[in-house]
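User: Hello! I am new to this structure and would like to understand the words used for it. Could you walk me through them?

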Amino acid sequence: MFNDLTLGRNTQQKAGLPLGVLIMLVLAIAAACLFLIKALIDFGSAEQPLVTLVASNLAQSGVDNPVTAVLLNFRSYDTLLEVAVLLIVALAVMPASTEQSKLRFISVSVPTERSFVLEAFLRWLLPAIVVTSGYLLWTGAALPGGAFQAGALLAGAGILLLLAGHHSFNFNAPAARLLLVVGLAVFLLVGAAVILSSGIALAYPQAWAGMLILVIEVAATLTIAAILVLLFCALQVEPPRAKYEGPKKEEHS
Amino acid sequence: MPISDVSSLLPLLVAIPLTGAIFSVLINSKHGQVLTGLLAALSLVLVICAILLGLPSEGLQSTAAFRYPLAGWQAPLGIALSLDGFSALLLTLTTFLVTVLTFYSAYYFSASPARVRFWPLWWLLVAGINALFLSADIFNVYVTLEIIGLAAVALVALSGNKAGLTAALRYLLVGLLGSLCYLMAVALLYHLYGTLDFAQLAAKADSNPLSWAALALITVGLVLKTALVPLHFWLPHAHGSAPAPVSAILSALVVKASFYLLVRFWMEILAPAVTNDALMLLGILGGLAILWGCIQALRATRLKLMVAYSTVAQIGYLFLLFPLLMSAEGVSESQLAAQHQSALAAVSYFIVAHACAKAAMFIAAGNIIHSLGHDDIAKLQGMAKYMPLSLFTFAIAGGSLIGLPPSAGFIAKWLMLNVAIDTHQWWWVVIILTGGLLAALAIFRVLDLAFIKPEHASEQVVPDNWQKVPVAMPLSGLALALCTMALGFNADLIIDLIMIGGGE
Amino acid sequence: MTQAMLYAVFGIVLFGVGLFGVLAIAHVMKKILAINICGVGVFMVFIANASSGVAADFVPHAMVLTGIVVAVAGTAMALSLVVRINALEQQEEDA
C-alpha cells in the first residue's frame, strides 16, 4: 500500500489494488467507523472539568481570549514545541549550500517581465497588510487572532513581493537564519528567565504575563512569516513560462 | 509549590538540545557547529548524572514519580513533566548514545555539505526524544511524536539521492498516518475522561467500548511507527538509506520512543481496558516479526539493509513483553505486579542492549561505506584485513544481538526466558531460541566472508576508491560495542533503576 | 442526537474516507490529500466534542490550532520531498 508510490507525472498510472482487497478495505474501515460512532453515541456527553478551570484562571493568565490563554499560558509548552516543529520543516526544505550564507537576505533586481498592475497594487496593499497583521497580533489577547494568523498574513505580503519579481530572498543569509530561530529563541529565553521570579519554567509572573505573552507572540509572528515564505519558495516549481507570455504582451502594446 | 531538586532539572533535558539547535542554525561554520554539539552533549551528560544521583536509592522506593508542573499550572489545566525508573533509564540511554553519536558525526559529516542542516535537525530530534520520555500529557506526546517523526524524515532525506528521498517520503506518510490515529484516540480519551494527564487518566480509566476504540487506535498508530510486522514495510529502506549516525539513532532510539508509549498505555494509562486476548495478539505479531525479520536479514544483499531487517526482528522481541503481562487465574495482585516488574525489567534490558549493539553496528556499516563506497555484502570478502576495527565492532555487536554470553543481549534474553517459563508460556522459548539461531546465521554470513581470504589468488581484490577513515570513527563504534559487554557484567544497575517509582 | 454529535459522527466518517484514500490510492499527491482529509476528520471530532456540553471548552480549540500547524508542517515537508523527487526524475529523463 505504501510500496508503490507513484508521482503520476511521467510514469503511467499503475493499476491500484485488486478489487477484492479494495472491498475488504472498505468493509474493514466501515466496520471500525461504525463501532466508533456507536460507542460515541452510546456514551453521550461528558462532564468537562476544564471549562470551569479555564474560566476561573483566565484572570491570572494575562490575556482575555481563552484560546490564547490556553495556547500561550496554560499549555505554552505545546506551543513552544510547535514552533520547534516549524523550525524542523524550515530546515528540511531549506536549500543546502554553504556559499549562499555570505550573500544578503534580500536582493533587489528589475525583472525582465514587469507586471505593472501588481506593482502599483502592492504599493497600496503592503503597508495595509503589515498594519492589519500587527492588529491581528494585538487583538489576539482579547479576540480571535494571534501569532499564527498575523504570521500567515505577513507571509502573504512576502509572497506577493516575491511574485512581483523585484525581490528575491536568500534564506541562508545570517539575517534570515536569525529570523527562522528568533521565535523559538525568545520563547525559550522568556521561559527560562521567569524562573528567576516564579521559580518554575514558563510560569509568567501575573503582573507581567500579558507583556511577556506579547513579546513571545511578536517573535513567533516574525518566525512564522519567514518560515511560510521559505516554504513557498521551496515548493515553487518553475512555472510554465509560455502560458503567461500571451496576455502580458497585449498589456505592453 | 515545592519542587524537589531532581524535578527542577527535568526541563533542562529539553531546553539544552533546543538551545543547541538554535546555536547550530545561527553559527553555521564547521567548527562552530561541532563545538555547539559537543557542549550540548556535555551539558546533557552533566544534567542526567545529577538526576541519577538525585534519584532515591533502591532502599527507599518512592511510589510517586517525580513531577514538574510546567508554567506553574497543575494538571489537568497545565502540562507536567514526569520521571520514573523506566523513563530515567531511557533518558540515560538517550544521553549516552547521543553523546557517542555526536562525537562520531563530527567526523562523519566533516567533509559533507549536509552538515549545515544535519546539526540543527539532530538536536531538534534529540529534544523531541527527551520531551517524549518526559511528557505526562497525551496531547503533548502527539506534538513530541511529530517533532521526532518530522526531524527523522528530514535527516533521512539528507542523503539526497532518489532512493533516500523516496524512503523518506514513505516514512513521512506512514508517520503522519500513525500520528493521526493517535490524535483521534486523544480526542476520544479527552471526551471520555476530561483530562489529558497520564496519572489522572490512569486513575479514571475503565473498560468501555470507547476506551477499547481509543486503545486500538493508539496501538495501530504507534505500532505503525514502531514498525512491528506486518506494518514494518517502511523501516528497512528508511533506516537503510539514511546517513550512518542517523540510521543508528533511528534504530536505537526512535522506534523505541513509540514502543515506550505503547508500554505506558498498555501497562499504566489504559490498563483496565486491556484484555488477555489483545496481549496475546501483540505477542504473536512479535513472534512473527522475529522470524520474518531474521529471514529477511539472511536474504539481504546490502549490509545496512541486513542490519535494518535485524531491527525488525529485534522489535519483535520487545513485543514479547505483552503476552508476558497476561494475568492467569488464581494469581494474586502482588504476584501479578511482581510478574509485570520482571517482564518490564527484561524488556528494558533488551532495549538498552539492542540500542547499544545496533548503534555500534550501524557505525561499523557506516565506516565500511565510508571506506569502500558501497556496502554490498558479496564484495566484502577478505575486508577484515583493511578494516579490522570496524569488523571487530560488527562481530561484538553481532554477538550481543544473537545473545551470546557474556553480552547484554544474552542477559536480556535470559531474563525474558525466565519470565516466559514462570508464566508457563514455553512456546516463546522456542521462538526466542530460533530467533537467536537465525540471527547467528545472518551475522556469521557476513563475518565469514570478511575474515576469510579469497580462495583464489586471482580474486584478491584491492578495494577501489579506498579511503581511510579517521580512527575516532571506528573507535566510537567499538566503545558502544564494548558497552554491551560491560552491561552484561553489570545487570543489576539497570534492573534497580527500573524498580524506582514503581516503573508502572 | 444533538447537533454536536452529528458533527462528531461526520468527523469519524471523514477520518474513515481519508484512511481509505491513504491506503487504496497509489498516487502520492492524492495520498497527501487523503492524509489531510483524515486530519480534518480528527479536528472535527475534537471541536464537536468541545461544544457538546453546556459551555464551549477552549482547550480542544487550542489543541486543534496546534494540530493544524503541525499538519501544515507535515504537508509542506511531504510536498517538498515530492518536488525534489520529481526534479531528480526529470534529470534522469533528460540524461
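User: What makes H1(A) and H1(C) roughly antiparallel to each other?

Analyst: Happy to help! In this predicted model, helix H1 (residues 19-43) of chain A and helix H1 (residues 3-24) of chain C pack at an angle of about 160 degrees. Angles over 145 count as roughly antiparallel, under 35 as roughly parallel, 65 to 115 as roughly perpendicular and the rest as oblique, so H1(A) and H1(C) are roughly antiparallel to each other. The angle runs from 0 to 180 degrees between N-to-C directions, and axes are lines fitted to C-alpha atoms, for helices over the stretch in contact. Helices are DSSP runs (H or I, at least four residues), numbered from the N terminus.

Residues are numbered from 1 along each chain as its sequence is written, while chains are lettered from A and ligands numbered from 1 in the order in which they are written. Local features need pLDDT of at least 70 and side-chain atom pairs count only at pLDDT 80 or more, whereas totals for chains, interfaces and linings use all residues.

User: Which residues make the contact of H1(A) with H1(C)?

Analyst: Among them are Leu22(A) and Ile29(A) of H1(A), and Met5(C) and Gly16(C) of H1(C). Two residues are in contact if their C-beta atoms, placed from the backbone, lie within 7 Å.

User: How do the residues of this contact divide by class?

Analyst: There are 19 nonpolar, one polar and no charged. Ala, Val, Leu, Ile, Met, Phe, Trp, Tyr, Cys and Pro count as nonpolar, Asp, Glu, Lys and Arg as charged, and the others, Gly among them, as polar.

User: What does H1(A) supply to the side of chain A that touches chain C?

Analyst: H1(A) gives the largest share, ten residues. Overall, 44 residues of chain A are in contact with 38 residues of chain C.

Notes:
Helix = DSSP H or I, 4+ residues; strand = E, 2+ residues; numbered from the N terminus.
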